[in-house]
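Reader: I'm new to this one and would like a close look at a single part of it. Could you take me through it step by step?

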Amino acid sequence: MERAVTRLRAVLGVRSAGPRGAWPSAAPGADRLLAEFGSRYGSAASGVWHAPGRAALLGEHTASVGGGALYAALPWGVTAAADTSPDGRTRVATPRGPLRPRDPSFRAVTAATDSARRAGLLGGGQGLHVLLDGNLPRHASLGYAAAVAGAVSLALADITGGPPPEGATADERVVLTARPGHAVRVRPDTLRTVILPFDLAGEGLCLLVVDTGALPHRDPRPAHTAALRRAQEALGPLRSVRDPRAALRELREPALRARAECALTEVHRLNAAVGLLRAGRAGETGPVLESSHLSLRGCGLTTAEVELAAEAASRSGARGVRVSGWAGTLVALAAQERVEPITAALTRAFTDRGRVPPRVRSALPSAGAHRLR
């Protein structure tokens, strides 16, 4: 409902109401979650598991045509207390109450349990009880549903003695395989992953995650995906095009050409970033992020709020900024000593224009899913 209201405001041209939902400052305690699990379900949980959110750094907008993407796990995520049940039913709740089956988190849990059943880890008569909590915002393109699925998949593997889960989507693969101080490159079509050094702390840097809460006037994904597929029908696999300029001349429609150019050049940006990370030069990826952002802006894949945040962050010292995902979130590469000045500049820029300031948090590439208790 909250997302629908936000989308309606965007369609009507009403200014964004700002970030949506809560972003708790502290992670939920495992002991508290275990106690609440026992109170709700009348039995003890088998354990507590955590999976992180993730920030998309490059390539996620071209995933529909098989392009690779680069992600970093975040220090905020979803924590799950879980245990199997003998009644065959799946029950999912948070400390605030039970979730309905149509809730995205409930669907993520159901997908994980269905996968466990197909793998023979859960019998037909076994269900699952899950209690979820976290310190990751649900509506900020930071992989909340993937974190739920990752935590529950790992819980099911540990409880049943199954093999470590691999993840059914690119996002899930990221949250399951991430390591501190590293980025994850993943191919959405094959789910092949490569772990790359991304030691921001060693260079005195961090990622700033800027949540504006703003949505575009309409969901851009269907039109963007359709355009990329049309371009691919004309040019062949976009990731395999060797001469982008010659290929783009074959596309007569300006809008189609702009989206295809974004996808073709993103391949080269991703390769450049991977090369820098392999060479231990994470601090030099800022211009690559900046170039990607400008390309995405040219395709209409940003919002006024994201552009305001990008300008304010760049002017106050960020080394590179880029829209991340589809829901008004920006990531910025910045020196640790610039975090406070950039945050203040963002607040000032939005306040001066009568807009709700974004939420800003600094992050370092973090660990993937793991067991807490």
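In which strand is the place of Asp133? And what goes on around that residue?

Author: Sure, and keep in mind that this is a predicted model. Asp133 sits in strand S5, which runs over residues 127-134. Its relative accessible area is 9%, and since anything under 20% is called buried, Asp133 is buried.

So what does Asp133 touch? If you skip residues up to four places away in sequence, the list is Pro28, Arg32, Leu33, Val78, Thr79, Pro95 and Arg96. Two of those names are worth a closer look. With Arg32, the side chain of Asp133 makes a polar contact, side chain to side chain, at 3.0 Å. With Arg96, Asp133 forms a salt bridge, and there the closest N and O atoms are 3.8 Å apart. Arg96 lies in the loop between strand S3 (90-94) and strand S4 (97-98), so its pairing with Asp133 in S5 ties together parts that are 37 residues apart in sequence. The two ends of that bridge have different surroundings: Asp133 is buried at 9% relative accessibility, while Arg96, at 66%, counts as exposed.

There is a bit more to the charges here. Salt bridges that share partners join Arg32, Glu36, Arg96 and Asp133 into one network.

Now look at helix H2, residues 30-41. The helix has 12 residues and reaches 16 Å from its first C-alpha to its last, close to the 16 Å expected at 1.5 Å a residue. Which of its residues are buried? They are Ala30, Leu33, Phe37 and Tyr41. Seen down the axis of H2, these fall within an arc of 60°, so they line one face of the helix. What they pack against is S1, S2, S3 and S5. Leu33 is thus one of the buried residues of H2, and Leu33 is also among the residues that Asp133 touches. Just after the helix, Gly42 takes a positive phi of about 75°.

Next, go one step back along the chain to Leu132. Apart from residues up to four places away in sequence, Leu132 touches Val78, Thr79, Ala80, Val92, Ala93, Thr94, Pro95, Leu99, Ser105, Val109 and Val148. Val78, Thr79 and Pro95 are in that list, and they are in the list for Asp133 as well. Leu132 also belongs to the largest nonpolar core, a set of 59 residues, where Leu70, Leu132 and Phe198 touch the most other members. The element that gives the most to this core is helix H4 (residues 144-160), with 9 residues. A second, separate core has 26 residues, including Val323, Trp326, Ala334 and Ile342.

To put the salt bridge of Asp133 in context, the structure holds 20 salt bridges. One of them joins the side chains of Arg322 and Glu60 at 3.0 Å, N to O. Arg322 lies in strand S9 (residues 320-324) and Glu60 in the loop between strand S1 (47-58) and strand S2 (69-85), so this pair ties together parts that are 262 residues apart in sequence. Both Arg322 and Glu60 are buried. Another bridge pairs Arg355 with Glu305, with the closest N and O atoms 2.9 Å apart. That pair links distant parts of the chain, with Arg355 in the loop between H11 and S11 and Glu305 in helix H10, 50 residues apart. Arg355 is partly exposed at 21% relative accessibility, and Glu305 is buried at 9%.

Arg322 turns up once more, beside Thr329. Thr329 lies in strand S10 and counts as buried, at 0% relative accessibility. Its side chain reaches the backbone oxygen of Ala140 at 2.6 Å. Neighbours within four places in sequence aside, the contacts of Thr329 include Ala140, Ser141, Leu142, Arg322 and Val323.

So, back to where you started: Asp133 is a buried residue in strand S5, with a polar contact to Arg32 and a salt bridge to Arg96.

Conventions
Residues numbered from 1 in each chain as written. Predicted model: local features only at pLDDT ≥ 70, side-chain atom pairs only at ≥ 80, totals over all residues. Heavy atoms only, no water. Core = buried A, V, L, I, M, F, W, Y, C linked by side-chain atoms within 4.5 Å. Buried < 20%, exposed > 50% of the residue type's maximum accessible area, 1.4 Å probe, protein only. Helix = DSSP H or I, 4+ residues; strand = E, 2+ residues; numbered from the N terminus. Contact = heavy atoms within 4.5 Å. Polar contact = N/O pair within 3.5 Å; in protein donor to acceptor, adjacent residues only side chain to side chain. Salt bridge = Lys/Arg side-chain N within 4 Å of Asp/Glu carboxyl O. Expected span 1.5 Å × (residues − 1). Arc of directions from axis to C-beta.
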